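Work through the exercises below with the sequence and the 3D view open. Try each task before reading its solution.

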Amino acid sequence: ISDNVEICGQVFGSDHKVRTSVVRDAYTNLTITSANPFFKAPPGVVATSEKLAYSPRNLVGRPLEDHIHYKTLEARAGLTWKITDNWEAKFVGSTGREEDLFQNGKSNVFALQAALAGTTPTTALNPFGATNQAVIDAIGNDERIDYGITQKMSEANAVVDGAIFQMPGGDVKLAFGASIRKEDFSGYQSSGTASLRTVDVRAKNDRTVTSEFAELFIPLVGAMNEMAGFHRLDVSASVRHDDYSDTGGTTNPKFGVNWAPIEGLTLRGSYSTAFHAPSIADNANSNINAHTQAFCCIGGPPSLGTPLLTSVLINGGNSNLKPETSKNYSFGFDAAPTTIPGLKFGASYFHVAFSNQIGFIPPNALYTPAGAKYYIANPTLAQVQAFIAPYPTTSVAQLVAQFGALPGLLLDLRSNNL
């Protein structure tokens with residue numbers, strides 16, 4: 001808008017939908033009794049009940065459906081002001097919103113069990129032939145689990161940088177600034193059938209983060225004062241303070257040095273500390289950002305002979321997470337020999353020491369002493385109940401109907417402090 005002031009802006013949006021057809025489950029531990037008018041005992045067998053393996057896929061006549069819907073909207077604006085020949089200020093503001101909806105279809109195993117227990121031709125399932133349409137409609141009234149999440153973030157940043165004075169090695173430069181960020185998270189989890197929905201869990205969380213930072217660059221040796229063994233030498237130091245409304249404040253420095261003993265070779269090193277807070281989605285309510293999944297089958301621990309076990313997993317977030325911190329250093333070199341124009345090569349070494357690292361237990365570490373707290377093999381009924389209790393969309397009855405027995409393996413694969 002003038003020789004010294006420039007403004008910019010950007011708006012971005014997206015709308016993404018995915019629909020997936022899923023084959024209906026086959027249940028292996030259903031029971032039909034002689035009270036069902038369509039009961040048939042195997043030839044030559046006198047029985048009043050039989051175990052039944054059955055899938056309603058042909059009866060209902062349509063697959064299950066999973067739906068995913070993502071919507072995003074983001075706006076950004078900025079202003080750059082050239083204060084003097086050596087100083088510049090930048091101001092940037094942004095706001096964004098994301099809405100995610102996940103819908104998972106499940107066969108209505110309870111309606112299927114009720115139909116098998118029916119005592120009249122109009123209320124009972126006939127697994128061997130025609131079934132009353134009202135019974136088919138009840139079994140086809142599929143269960144559905146919905147996860148709805150809305151995340152919003154607004155941020156403002158201001159940075160000023162420039163040269164404060166000149167040394168023989170070059171300009172000493174300073175940059176400083178501040179920012180404020182507001183994050184909001186809301187979510188819900190509902191379950192039930194297409195005709196009867198219940199909201200099982202709601203969650204909401206927010207966080208405000210204010211930050212201040214500064215960086216100083218000092219060129220000790222440059223073109224004006226180079227000497228044998230010191231073609232160029234510069235050092236830098238920076239510090240950043242972040243204040244999280246939910247996890248507290250943290251201050252982290254960074255130091256760096258670049259030394260070029262001769263033209264075409266630079267040796268470099270740095271040291272810093274860092275802080276990473278858990279996301280507000282993790283801290284809002286683990287039932288929203290985490291969920292259970294049932295599988296057949298996953299390899300069990302070697303102590304059991306590594307059998308394939310029916311399994312229930314918990315994936316996603318964890319409201320018990322602590323902030324992650326680290327100490328980091330690196331060193332390396334960059335070479336561009338003046339005798340071979342166009343040739344460039346280098347190497348770097350990085351070392352990061354984490355405390356309370358946020359992540360997932362690696363598969364190769366699961367069945368080690370360090371991973372023992374993340375799984376239970378051959379769990380009891382009480383252990384299964386305790387494992388799935390925070391997730392009301394999963395029940396023991398559903399698992400037994402799907403697997404034919406209790407699951408053989410429980411796995412906690414949520415984000416954890418490793």
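**Exercise 1: Thr 250 and its strand**

Thr 250 touches Arg 240, His 241, Asp 242, Tyr 244 and Phe 275, leaving aside residues up to four places away in sequence; contact means heavy atoms within 4.5 Å. The model is predicted, so local features need pLDDT of at least 70 and side-chain atom pairs count only at pLDDT 80 or more, while totals for chains, interfaces and linings use all residues. Residues are numbered from 1 along each chain as its sequence is written, and side-chain values use heavy atoms, with hydrogens and water left out.

Task: Find where Thr 250 is placed, and decide whether Thr 250 is buried or exposed.

Solution.
1. Thr 250 is in strand S10; helices (H or I, at least four residues) and strands (E, at least two) are DSSP runs, numbered from the N terminus.
2. The relative accessible area of Thr 250 is 10%, so Thr 250 is buried. The classes are buried under 20% relative accessible area, exposed over 50% and partly exposed in between (1.4 Å probe, protein chains only).

**Exercise 2: The partners of S10**

Task: How many bridges join S9 to S10, and how many pair S10 with strand S11?

Solution.
1. S9 and S10 run antiparallel and are joined by 13 bridges; two strands pair if DSSP finds at least two bridges between them.
2. Tyr 244 has Gly 248 in S10 as its bridge partner, and a hairpin through 3 residues joins S9 to S10.
3. On S10 and S11 (residues 265-276), the pairing is antiparallel over 7 bridges. Trp 259 stands opposite Leu 267 in S11.
4. The hairpin of S10 and S11 has 2 residues between the strands, and Gly 264 in the turn has a positive phi of about 95°.

**Exercise 3: Aromatic pairs**

Task: How many aromatic pairs does a search of the whole structure find? Which kind of pair do Phe 230 and Trp 259 form?

Solution.
1. The search finds 7 aromatic pairs. Rings of Phe, Tyr and Trp (its six-membered ring) pair if their centres lie within 6.5 Å; planes under 30 degrees apart count as stacked, over 60 as edge-to-face and the rest as tilted.
2. Phe 230 and Trp 259 form a tilted pair, 5.8 Å centre to centre with 35° between the planes.
3. Phe 230 lies in the loop between strand S8 (196-221) and strand S9 (232-244) and Trp 259 in strand S10 (residues 248-262), so the pair ties together parts 29 residues apart in sequence.
4. Phe 230 is partly exposed at 31%, and Trp 259 is partly exposed at 32% relative accessibility.
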